[in-house]
Amino acid sequence: MIRFLSGALALATIAAALPQGIASGSNIQKPFGIQSPTIKPNVDVRRYPLTSTKDKEDLLAQAVAHDLDIWSLTQHNADIYFPSSVSVPSYFNTRNHTTITPTTEALSSSSAPSAAKSGPWNASSLSACTFHNVYHTQSEIYSFIHQLAEENSDIAELITLGRTSEGRDILALSISKHGRGSKLKKPKKRLIIQGAQHAREWIASSTALYLAHALLVDSKDHSSKRSLLKKTDFTIIPLPNPDGYVYTWEHDRLWYKNRAEVGDGECKGIDLNRNWASFGLNPGYEWLPPTEANPCSHWYPGSHPFEALETKAVSAYIQRTPNIKGFLDLRSYGQMNEENLLEAALGAAKAMESTHGIVVGTGSLCDKLYSAPGNIVDWMYGQAQITVAYSVLLRDTGTYGFLLPPKWIRPVGEETADMVDYLARWIKKHKV
């Protein structure tokens, strides 16, 4: 079962949850069409209404058979992206649909150069810090978290979790009020927050960075969440997929796997959110191989669990770190939540609503859509025994989709910070 935090401002994404066992139609790995963030492509995203569960299954099978990029899927609609380089199959041309092509703003501003990109930044204030005004490259992100760690060395520590297949460090920021290396008689509960596993979901990593900054900024700042450190430790993993993220800046804006060589080396990438496993210890949470694994598929889960160095690094950190009571996997786009702790989910949704007035609901992806073996949240819940484990699907509903303009970075960060505030206090109060 996948647990999601979701709402009416977005749709449930299918990127991490395509059914196993359906082979794509070609062994040639096709890019999703945006070959440089500086190019303004003709993005054709179509929304198809769904009339029944069978209709949804039929459409899904057709989309996977043609190796199409499904941006989101709900009980009522499917959003599918057709790059200009791909001919639209007749099945999709003849079906009733509406076009929800992202606006020029989304296509032109997602990576616009800005003075806000050059550090060091004024990190003493959330409101005055220009870092959160634009999206950033991997090197800029690493510069920022190095700066946060150096300027808050009494409570923040930069940790290298591992290295990617292309040799990049996977960095995490550990934040603890009792300081680096100190030992308590009773360790505080820890909450792990992760940015974009899927490289194209830039808003997820930007939100993780905003949360790290909010936890470190002085309590006098009206947006500060530093008070949470009295009872809770945090680990922020802003870029769990740095290779894929770099690729979205330099080559293909809509890439989302990692960049490991797979198969016979003719293709690249494993879908990180389908490469986790509980090794049969908890039935229902296992990694299941597809019946016909095509390494060139956009949703390739790997040839075996933890084949990806990124999933191996994060899982190793989780397993060696004591007293982890909560895990949040930030995603886009969708805002949907369900888990065994409905009280926590409803409270978290209400906290997000209170910030900017968005409408947030709760629900199970497994109940509403289908099961998805090999995902990170099931592993956290089933294997690592972290009861409060959610995927948080951020804005929006498809107006921008994965190309959310940078003007939304700060509002999304603020509402997510309030949700984290609620969950941290809920975890502190309850025996989980």
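Guide: Rings of Phe, Tyr and Trp count as a pair if their centres lie within 6.5 Å. Keep that cut-off in mind as we look around this predicted model. By that rule, the count comes to 16 aromatic pairs. There is also a cluster, made up of Tyr48, Phe82, Tyr91 and Phe92.

Visitor: What makes tryptophan 202 and tyrosine 245 an aromatic pair, and what is the tilt of their planes called?

Guide: Their ring centres are 5.9 Å apart, and the cut-off is 6.5 Å, so they pair. The planes meet at 55°. Under 30 degrees would be stacked and over 60 edge-to-face, with the rest called tilted, so this pair is tilted.

Visitor: Where in the chain do tryptophan 202 and tyrosine 245 sit?

Guide: In distant parts: tryptophan 202 belongs to helix α5 and tyrosine 245 to helix α6, 43 residues apart.

Visitor: How do you know whether tryptophan 202 is buried or exposed?

Guide: Buried means under 20% relative accessible area. Tryptophan 202 comes in at 0%, so it counts as buried. Tyrosine 245 has 1%, so it is buried too.

Visitor: What is the pair of tryptophan 276 and tryptophan 379 called, and why?

Guide: Tilted again: the centres are 5.1 Å apart and the planes stand at 50°, so neither of the other two names fits. Tryptophan 276 is in the loop between β11 and α7, while tryptophan 379 is in helix α10, so the pair ties together parts 103 residues apart in sequence. Both rings belong to buried residues, with tryptophan 276 at 1% and tryptophan 379 at 2%.

Visitor: Let's turn to helices. What is the packing of α4 and α6 called, and why?

Guide: Helix α4 (residues 138-151) and helix α6 (residues 242-250) pack at about 130°, with axes 9 Å apart. Roughly perpendicular stops at 115 degrees and roughly antiparallel needs over 145, so α4 is oblique to α6.

Visitor: Which residues make the contact of α4 and α6?

Guide: From α4, Gln138, Ile141 and Tyr142 take part; from α6, Pro242, Tyr245 and Val246 do. Sorted by type, that gives 5 nonpolar, 1 polar and no charged.

Visitor: How do you know how far α6 is enclosed by the rest of the structure?

Guide: Check its residues one by one: 8 of the 9 are buried, so α6 is largely enclosed. Among the buried ones are Asp243, Gly244 and Trp249. The buried residues pack against α4, β7, α5 and α7.

Visitor: What makes cysteine 267 and cysteine 296 a disulfide?

Guide: The S to S distance is 1.8 Å, and the cut-off is 2.5 Å, so the pair qualifies. The structure holds 1 disulfide.

Visitor: Which hand does the disulfide of cysteine 267 and cysteine 296 have, and why?

Guide: The torsion about its S-S bond is about 70°, so it is right-handed. This pair also links distant parts of the chain, 29 residues apart: cysteine 267 is in strand β11, and cysteine 296 is in the loop between β11 and α7. Both cysteines are buried. Elsewhere, cysteine 129 is buried as well, at a relative accessible area of 1%.

Visitor: How do you know whether asparagine 323 is buried, partly exposed or exposed?

Guide: Its relative accessibility is 27%. Buried would need under 20% and exposed over 50%, so asparagine 323 lands in between, as partly exposed. It lies in the loop between α7 and β12, and its phi is near 65°, a positive value in a residue other than glycine.

Visitor: What is phi of aspartate 67?

Guide: Near 55°, again positive in a residue other than glycine. Aspartate 67 is in the loop between α1 and β3. With a relative accessible area of 4%, set against the 20% limit, it is buried.

Visitor: Which bond joins arginine 395 and aspartate 396?

Guide: A cis peptide bond, with omega about 10°. Aspartate 396 is found in the loop between β14 and α11.

Visitor: One last stop: how do you know whether alanine 389 is buried or exposed?

Guide: Its relative accessible area is 0%, so it falls under the 20% limit and is buried. Alanine 389 is in strand β14. Its C-alpha atom is 8.1 Å from that of aspartate 378, 11 residues away along the chain.

Notes. Residues are numbered from 1 along each chain as its sequence is written. This is a predicted model: local features need pLDDT of at least 70, side-chain atom pairs count only at pLDDT 80 or more; totals for chains, interfaces and linings use all residues. Side-chain values use heavy atoms; hydrogens and water are left out. Axes are lines fitted to C-alpha atoms, for helices over the stretch in contact, and angles run from 0 to 180 degrees between N-to-C directions. Helices (H or I, at least four residues) and strands (E, at least two) are DSSP runs, numbered from the N terminus. Angles under 35 degrees count as roughly parallel, over 145 as roughly antiparallel, 65 to 115 as roughly perpendicular and the rest as oblique. Contact means heavy atoms within 4.5 Å. Ala, Val, Leu, Ile, Met, Phe, Trp, Tyr, Cys and Pro count as nonpolar, Asp, Glu, Lys and Arg as charged, and the others, Gly among them, as polar. Buried means under 20% relative accessible area, exposed over 50%, partly exposed in between (1.4 Å probe, protein chains only). Rings of Phe, Tyr and Trp (its six-membered ring) pair if their centres lie within 6.5 Å; planes under 30 degrees apart count as stacked, over 60 as edge-to-face and the rest as tilted.
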